[in-house]
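Me: I'd like to learn how to read the features of a model like this one. Can you take me through it step by step?

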Amino acid sequence: FFFLMIRRPPRSTQSRSSAASDVYKRQVHGEMERLANKIKTLEKENDQIQKKCEKSDTSFIDFIEDHMKLRAQKDSLQTQKANLNKLIQQIEAQISAKEKQLQSKPEN
């Protein structure tokens, strides 16, 4: 009988499957590096956006506080105006009464 001997490659050289595995590992490693860089970029962008939001929130709160102060001032001024209008009406009534007194007095 004739036997066919299959020769195994020496351990120092890679088999085809081992070489393919190394290529795959390099591709995965490259993809992981790319994704890690993308994550870093996104984290930086996120930090910038958060800072902008915080500034915007602070500005909005300041705006609301100013608005509330102005509304309180407006209410106060409207009350003062109403009080002044009442005083004007009272003074006009007093003037009218004095004029009637003067008109009803006989002239000497």
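Reply: Sure. Keep in mind that this is a predicted model. Let's begin with a surface patch: Phe60, Phe63, Ile64 and Met68 make up a nonpolar one, and together they have about 430 Å² of accessible area.

Me: Where does Phe60 sit, and is Phe60 buried or exposed?

Reply: Phe60 is part of helix α1, which covers residues 16-104. For exposure, look at relative accessibility: over 50% is called exposed. Phe60 comes out at 52%, so Phe60 counts as exposed.

Me: What does the secondary structure of the protein come to?

Reply: The count is 1 helix and 0 strands.

Me: How much of the protein is buried?

Reply: A residue needs to be under 20% relative accessible area to be called buried. Here, buried residues are 0% of the 108 in the protein. The accessible surface adds up to about 11,300 Å², with 58% of that belonging to carbon and sulfur atoms.

Me: How many salt bridges does the structure hold, and which side chains meet there?

Reply: For a salt bridge, you look for a side-chain nitrogen of Lys or Arg within 4 Å of a carboxyl oxygen of Asp or Glu. The structure has 1 salt bridge. It joins the side chains of Arg34 and Glu31, at 2.7 Å from N to O. Both residues belong to helix α1 and are 3 residues apart, about one turn of the helix.

Me: Why do Arg34 and Glu31 count as partly exposed?

Reply: Partly exposed is the range between buried and exposed. Arg34 falls there because its relative accessibility is 48%, and Glu31 does so because its relative accessible area is 35%.

Definitions and conventions
Residues numbered from 1 in each chain as written. Predicted model: local features only at pLDDT ≥ 70, side-chain atom pairs only at ≥ 80, totals over all residues. Heavy atoms only, no water. Patch = residues over 30% accessible without salt bridge, like charges linked within 9 Å, V, L, I, M, F, W, Y side chains within 5 Å. Areas by Shrake-Rupley, 256 points an atom, 1.4 Å probe, with all protein chains shown as cover. Helix = DSSP H or I, 4+ residues; strand = E, 2+ residues; numbered from the N terminus. Buried < 20%, exposed > 50% of the residue type's maximum accessible area, 1.4 Å probe, protein only.
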